[in-house]
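Hi everyone, thanks for coming. Today I'd like to walk you through one protein chain, so please have a look at the screen.

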Amino acid sequence: MKEQMFMRLGGVRRYAKHLCIDGVKDTIAVASGKGGVGKTTTAVNLAVALANKCQLKVGLLDADVYGPNIPIMMNINTKPDVTLDKKMIPVENYGIKCMSIGFLVEKDAPIVWRGPMVSKALDKMTRGVDWGNLDILVMDMPPGTGDVQITMSQNLQLSGALIVSTPQDVALMDARRGVTMFNKVDVPILGIVENMSCFKCPHCGEPSYIFGEGGTRRTATEMGLEFLGEIPLEVGIREACDQGHPIVLAAPDSVVSRAYGDAAEKVVQKLKERQHSPEIIL
């Protein structure tokens, strides 16, 4: 059925009408082909950079149901209130409206849900939330390319996806799979961020390329994608995450913070370019 498939006619993109989130102008997915590459850290600092450097109204959705870390990284310990029409009100900190399954369960409680329950919970945390008016909703996706990722990509009107990877070959192989998954569901790739690009010694300042050098930039070039920047591996990032104070606020003049800010500006530019591309909505 045409409502369930994507078509390309005459070079103009046509796609099934996805369900929008009320009040949200653009929804972007921060994703990775595998876990452990710093996807959530990137999503948090990107969201704060979009709000502070780009002066946008930003929301942050923790869609990583099995490993919700947004409450810690955003220093939020309260449960969301509910409106009269039974919609949850996102919890706000650092000027970012946040929603996470971590707000609704006990701190150490494991999430042992099957796929359908996860999909239902994510639907509740997207369209069951009173987001107000947002310029951008940053969605921290679960790692991998499974059923949850595909379902969310198909059911939500995503403006684009940002891929996070470390420069090592194993991570890049999975990053390519993530790009391919989003291509199959017709979600445009906004670019690739290289996380943990190098470790700079705090004593001598010499960089050490622990996971390899330049791999993500080469992959972006090979796949014809925008390279959004390199985020070095620094102790300050870990400390800021554990303290619930994003590095772009804790150390705004640091190399890391400038890199996140540059990536945020590139994302905004890519979204503007996409708005001018010809589309027909069925």
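Let's begin with helix α9, where Val256, Ser257, Ala259, Tyr260, Gly261, Ala263, Ala264, Val267, Val268, Leu271 and Arg274 are buried. Here, buried means under 20% relative accessible area, exposed means over 50%, and partly exposed is in between, with a 1.4 Å probe and protein chains only. This helix covers residues 255-275, which is 21 residues. From its first C-alpha to its last it reaches 31 Å, close to the 30 Å expected at 1.5 Å a residue; the expected span is 1.5 Å times one less than the number of residues.

A quick word on what you are looking at. This is a predicted model, where local features need pLDDT of at least 70, side-chain atom pairs count only at pLDDT 80 or more, and totals for chains, interfaces and linings use all residues. Residues are numbered from 1 along each chain as its sequence is written, and side-chain values use heavy atoms, leaving out hydrogens and water.

Now let's step back to the whole chain. How many helices and strands does the protein chain have? There are nine helices and twelve strands, which are DSSP runs numbered from the N terminus: H or I of at least four residues for helices, E of at least two for strands. The radius of gyration is 18 Å, close to the 19 Å that the globule rule gives for 282 residues, so the chain is as compact as a globular protein of that length. That radius is taken over C-alpha atoms, and the rule is 2.2 Å times the number of residues to the power 0.38. Along the principal axes, the C-alpha atoms fill a box of roughly 60 × 50 × 35 Å. Of the 282 residues, 49% are buried.

Next, contacts, meaning heavy atoms within 4.5 Å. Among those between residues at least 6 apart in sequence, 77% join residues at least 24 apart.

Let's finish with two neighbours in helix α1. Is alanine 43 buried or exposed? Alanine 43 is buried, with a relative accessible area of 0%, and it lies in α1, residues 39-52. Leaving aside residues up to four places away in sequence, alanine 43 touches Val30, Leu60, Val138 and Asp140.

Threonine 42 lies in α1 too, and it is buried at 2%. With the same kind of sequence neighbours set aside, threonine 42 touches Leu162, Val164, Asn195 and Tyr260. Tyr260 is one of the buried residues in α9, which brings us back to our starting point. Thanks for listening!
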